2 protein chains.
Amino acid sequence: MTSEQPLPQEPTLTIAQVVERTGLSHDTLRYYEKAGLIQRVGRTTGNQRRYEAADLAWLEFLIRLRETGMSIADMQRFAALRARGDATVPDRLAMLREHRADLADRIRALRRNAASLDDKIDHYERLLDQPGSDELS
Amino acid sequence: MTSEQPLPQEPTLTIAQVVERTGLSHDTLRYYEKAGLIQRVGRTTGNQRRYEAADLAWLEFLIRLRETGMSIADMQRFAALRARGDATVPDRLAMLREHRADLADRIRALRRNAASLDDKIDHYERLLDQPGSDELS
DNA sequence: GTAGAACCTGGAGTGTGCTCCAGGTCAAGC
DNA sequence: GCTTGACCTGGAGCACACTCCAGGTTCTAC
């Protein structure tokens, strides 16, 4: 009795298309799936992966976590919480806030280090302007 | 004929003292020396390392390079230039400028990513305020 | 002079995050 | 129907930056 209208099927992407859109390699995508970072992706009858828009959005979020220095292990924890549904939103929020705070710390440290690189660069520029001063600086 | 006055000897540091001051481990210090990141450090007659102030300053600079994401391989190149003396100042300056520019790029990217983490955090906060909206976000 | 802590060496081992491989199966164009 | 390229799997291998280990030597305090 269920009316099976052929809904305008959401378009799916082959792994090659996801590689192109995300910049992740085939192997990394399979590794992430094996590691549980993404829930098992849809398959064709022939067992080939077909990614949906939601998969892509989640991958892009994972990439953001990775680029901000989150470890695979922590991403696994986050993904596991997400898989458990809405009840884990507070936990996920806490994880993100902590990660965000760490990131702020790291950015501050980088800026401090950048400033001292600038000092060293200035030092070398002065050396070039008035050479013959000292060695090994 | 060289008058060997016992000059007020520059105080040197044992490896344990350098560990304490730099936060690098014994093994890392030996690894850096083996890798040529620091020139062979002075030794006692009994072959134990004694670090001078200049060694410490250089280690601190290396730490800064490392913390700003320079690879060991690049640090080796930098250290090799430094060992060749003042003639390589232009090359060292070029390396540092390039590294500094990379760092600026990475800091910018981190800030962009931090902003999108903030968006995600906001999203979760709204989910908590008005629950029951949607899943897997 | 001796105990115990600190130090030495070369080389093997580790954790992280992929990356590659062999040996297959599947899909699309002709 | 056949070719050819895309895709599949489990598992081995790799680059990086350390970290650990065994077995020996040196230093310091008593």
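Chain A has five helices and zero strands, where helices (H or I, at least four residues) and strands (E, at least two) are DSSP runs numbered from the N terminus. Read from the N terminus on, its elements simply go α-α-α-α-α. Before going further, keep in mind that this is a predicted model, in which local features need pLDDT of at least 70, side-chain atom pairs count only at pLDDT 80 or more, and totals for chains, interfaces and linings use all residues. Residues are numbered from 1 along each chain as its sequence is written, chains are lettered from A and ligands numbered from 1 in the order in which they are written, and side-chain values use heavy atoms, with hydrogens and water left out.

Let's stay with chain A for a moment. Of its 137 residues, 35% are buried; here buried means under 20% relative accessible area, exposed means over 50%, and partly exposed is in between, with a 1.4 Å probe and protein chains only. Now take the contacts in chain A with a separation of 6 or more: 46% of them come from residues 24 or more positions apart. A contact, by the way, means heavy atoms within 4.5 Å.

One stretch of chain A carries a label from a database. The UniProt annotation, from an unreviewed entry, puts a "coiled-coil region" at residues 93–127 of chain A; positions are given in the numbering used here, feature names are shortened, and such annotations may be inferred rather than shown by experiment. In the model, residues 93–127 of chain A are 100% helix and 0% strand, with the end C-alpha atoms 51 Å apart.

How are the two protein chains related? A rotation of 180° with 0.0 Å of shift along its axis lays chain A over chain B, with an RMSD of 0.1 Å. That is the relation of a two-fold axis. The fit is by least squares on the C-alpha atoms of residues with pLDDT of at least 70 in both copies. If you want to find the axis on screen, look for I107(A): of the residues of chain A, its C-alpha comes closest to the rotation axis, at 3.4 Å. The copies meet through the same surface, because 100% of the interface residues of chain A are also interface residues in chain B.

Now for the DNA, beginning with strand C. It is surrounded by 21 residues, and the closest are D27(A), Y32(A), I72(A), R30(B) and R49(B). A residue is near a strand if one of its heavy atoms lies within 4 Å of it. Of the strand C atoms within 4 Å of the protein, 79% belong to sugar or phosphate and the rest to bases. Several polar contacts, meaning pairs of N or O atoms within 3.5 Å (within protein, one must be able to donate a hydrogen and the other to accept it, and residues adjacent in sequence count only if both atoms are side-chain atoms), involve phosphate oxygens of this strand. Chain A provides a polar backbone atom of I72(A), 3.3 Å from a phosphate oxygen of strand C. From chain B, a polar side-chain atom of R43(B) sits 3.2 Å from a phosphate oxygen of strand C, and an N or O atom in the side chain of T14(B) is 3.5 Å from one. The elements giving two or more residues to the surface near strand C are α2 (26–34) of chain A, plus α1 (15–22) and α2 (26–34) of chain B. The largest share, four residues, comes from α2(A).

What kinds of residues make up the surface near strand C? They divide into five nonpolar, ten polar and six charged, with Ala, Val, Leu, Ile, Met, Phe, Trp, Tyr, Cys and Pro counted as nonpolar, Asp, Glu, Lys and Arg as charged, and the others, Gly among them, as polar.

On to strand D, which also has 21 residues around it, the closest being R30(A), R49(A), D27(B), Y32(B) and I72(B). Polar side-chain atoms of Y32(B) and T44(B) lie 2.8 Å and 3.2 Å, respectively, from phosphate oxygens of strand D. In chain A, a polar backbone atom of A16(A) is 3.4 Å from a phosphate oxygen of strand D. For the surface near strand D, α2(B) gives the most, with four residues.

Finally, have a look at N47(A), which has a positive phi near 75° although this residue is not glycine. N47(A) is found in the loop between α2 and α3 (53–67) of chain A, and at 47% relative accessibility it counts as partly exposed.
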